[in-house]
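Subject: Structure for your review

Dear colleague,

Please find below the structure that I am handing over to you, with its sequence. My findings follow directly after it.

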Amino acid sequence: MKSNNNRITLTVLFLMFMSVVVNAQEIIKDSVIAPVKKVKSTGKQKVDGVVATVGDYIILDSDIDKTYLEIQAGGGNTSEYDRCQMLGKLLEDKLYAHQAVQDSIIVTDTEVKGMMEERLNYMIDKIGSMEKVVQYYKKDSEEEFRTYFADILKEGKLTSEMQKKIIDAVEITPEEVRNYFKQIPAADLPFFGVELEVAQIVVKPKVSAEDKQKVIDKLNGFKKEVEEGASFSTKAVLYTQDPGSRSNGGYYKMNRKTPFVKEFKEVAFSLAEGEISAPFETEFGYHIILVEKIKGQEVELRHILLAPTVTDASLAEAKEKIQLIKKRIEDKDITFAEAARTLSDEKETRANGGALINPQTQDTRFELTKMDPSFYSQVSNLKENEVSAPILDQSEEGKKTFKIITVTNRIDEHTADYAKDYIKIKDLALKQKRITEIGKWFDEKIKETYIKIQGEYRDCKFTNNWLKK
C-alpha cells in the first residue's frame, strides 16, 4: 500500500503542476515570488547540467528548481517534497511523453499554437504585459520564452494523451468490484454524507429568425475568409463560444462512437478532407466545421460555435412560462415529473421526469458537501418535493435559460452499502485498478527504455525502479 500511496501523491503533484503550466492559473500580479527553498545538498555548489535522461528527453538540475517554482506560483505547498521526489515526477513526465511519441501520438504545431495564444492572453491579462511574462519566466526575449513555452505545452499534451490512453484501456467487471468491496475492513468502509436526488424543468427563451440569421451570416463570413487564406484555428481561438475547444483552436478528434451531438457528427462525417461545412444548428447554437484529416474511421476537425443573442422580451416570456408551470405543479394540476416530460425544453432530462444525473458518478445522487457552490445554494434549503422559485441559469457558452428544481429524495449520511452504493464503490475500485495498471505500465516501460540517472541523484529512493536495480 505504501507504494500505491506514493504513486497517488506524485499523481496529485503532477496534476497540480500541469494545472499551473497548462492553464497558467493565478500567476501573480506584480510581485516576485520568493526563491525556492532547496533541500540541503552535500555542500558543493553545482553547475547546472543534465541529471537524467529518459529516451530522447533530458532533465537538467534547474528543471527541478522550475518545478518547485511553478507549483509555488500556483499556490501549491512544496515543503513536503524533496528534490528526489521532484525528479521522480519529472522522470514520469518524460517517460509518458517519450512513450507517446513511440505510440505515434501526434501533437501538431497548430494545436500548440492555439494553446499558446489562449494561455498567453490569460497570462498577459493577469500580469499586465508580455514583457512581464518574459521576466517572470526568467527569459531574455519573447522569442526565447515562446520557444520554451511551446516545448512545455507540447510535452504536457503528449503526457496527458499518454495517460489518457493508459487509463481509458482499463475496465472493471462486477466481480472485481465485489472482491474490492469484500477486501475493505469494516472499520475502513467509506462513509457517504447526505445525498440528494434532484429534478428540474427548463424553459429556453425563443430566438428570433432575425437573430439566427445574424449568426449564420457571421459564420458564412468566417468560412469565406478561411477559404481565402485566413487561419481557421485563430478565428476559433478568438470567436468560438465552445469553452471545451477554444484553447485548441476549435480542435476535436472523433470517430463514429465518440459521444457527440448527433447533428454535429452527421455533418463531420459527411465532409471531405479540407472541406468547410455550411453553418448548421445544434442545441448549443450554430457551427461551422473544417475537416483537417480523415484517418480510417477517425476524423480530426476544427469548429466554431456561435449562439444567437436572446432579447429581454424573450427572457421575460420564458420566465412567465416557467412561473405558470410552477403554479400548476403547486396547485396539483400536474406532477413535477409529468410537467418535465411534457413541458421542459431540456431533452436530456425530459424522458426521466427531469431527474438530473451527477456527471462525476453517473448516478442520480448528489452528495451535499461535494456539490458545486452555485448548485448547493439552489437546492440545500429545499424541502423534499418543494419547488424552487424560477432560477435564471447561464451556461459556459453564455446561453440563458430559466429553470425550477425540486428535491425528489434525500439519503441520509451512511456507511457504504454494496447494494445501495454500487456505482460509488465501482468508481473507487476502478480508480484503484487504474493506479495498479499505471504502476505496471511504468515497470514495463522503464525496463525497455533508455534511462540514466547521474550524480548524487543515484542515491535517491524512487517509487519507480528508475535505477533498474
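A residue is called buried here when its relative accessible area is under 20%. By that criterion, 45% of the 469 residues in the protein are buried. Please note that this is a predicted model.

Overall composition

The protein contains 15 helices and 13 strands. Its accessible surface amounts to about 25800 Å², and carbon and sulfur atoms account for 50% of that area. Of the contacts between residues at least 6 apart in sequence, 67% link residues that are at least 24 apart.

The three-stranded sheet

One open sheet consists of 3 strands in the order β2-β1-β13, paired in antiparallel fashion. The edge positions are taken by β2 (57–60) and β13 (451–453); each has a single partner strand, so one side of each has no neighbour in the sheet. From one strand to the next, the twist averages 20°. Strand β1 (residues 50–54) and β2 run antiparallel and are joined by 4 bridges. Within this pair, Val 54 is placed opposite Tyr 57 of β2.

Helix α3 and its neighbours

Helix α3 lies across β1, β2 and β13, and runs at about 165° to β2. The helix also meets α6: the axes of α3 (residues 83–102) and α6 (residues 142–168) come within 8 Å and cross at roughly 80°. An angle of 65 to 115 degrees counts as roughly perpendicular, and α3 and α6 are therefore roughly perpendicular to each other.

On the α3 side, the contact is formed by Asp 93, Lys 94, Tyr 96, Ala 97, Gln 99, Ala 100 and Val 101. Their counterparts in α6 are Glu 155, Leu 158, Thr 159, Met 162, Gln 163 and Ile 166. By class, this contact of α3 with α6 comprises 7 nonpolar, 3 polar and 3 charged residues.

Residues with positive phi

Two residues deserve a separate mention for their backbone angles. Asn 385 is not a glycine, yet its phi is positive, near 70°. Asn 385 sits in the loop between α14 (373–379) and β10 (391–394), and its relative accessibility of 55% means that it counts as exposed.

Lys 468, likewise not a glycine, has a positive phi of about 55°. Lys 468 belongs to the segment after β13. With a relative accessibility of 37%, Lys 468 counts as partly exposed.

Yours sincerely

Definitions and conventions: Residues are numbered from 1 along each chain as its sequence is written. This is a predicted model: local features need pLDDT of at least 70, side-chain atom pairs count only at pLDDT 80 or more; totals for chains, interfaces and linings use all residues. Side-chain values use heavy atoms; hydrogens and water are left out. Axes are lines fitted to C-alpha atoms, for helices over the stretch in contact, and angles run from 0 to 180 degrees between N-to-C directions. Helices (H or I, at least four residues) and strands (E, at least two) are DSSP runs, numbered from the N terminus. Angles under 35 degrees count as roughly parallel, over 145 as roughly antiparallel, 65 to 115 as roughly perpendicular and the rest as oblique. Contact means heavy atoms within 4.5 Å. Ala, Val, Leu, Ile, Met, Phe, Trp, Tyr, Cys and Pro count as nonpolar, Asp, Glu, Lys and Arg as charged, and the others, Gly among them, as polar. Buried means under 20% relative accessible area, exposed over 50%, partly exposed in between (1.4 Å probe, protein chains only). Accessible areas come from the Shrake-Rupley method with a 1.4 Å probe; for residues, only the protein chains shown count as cover. Two strands pair if DSSP finds at least two bridges between them.
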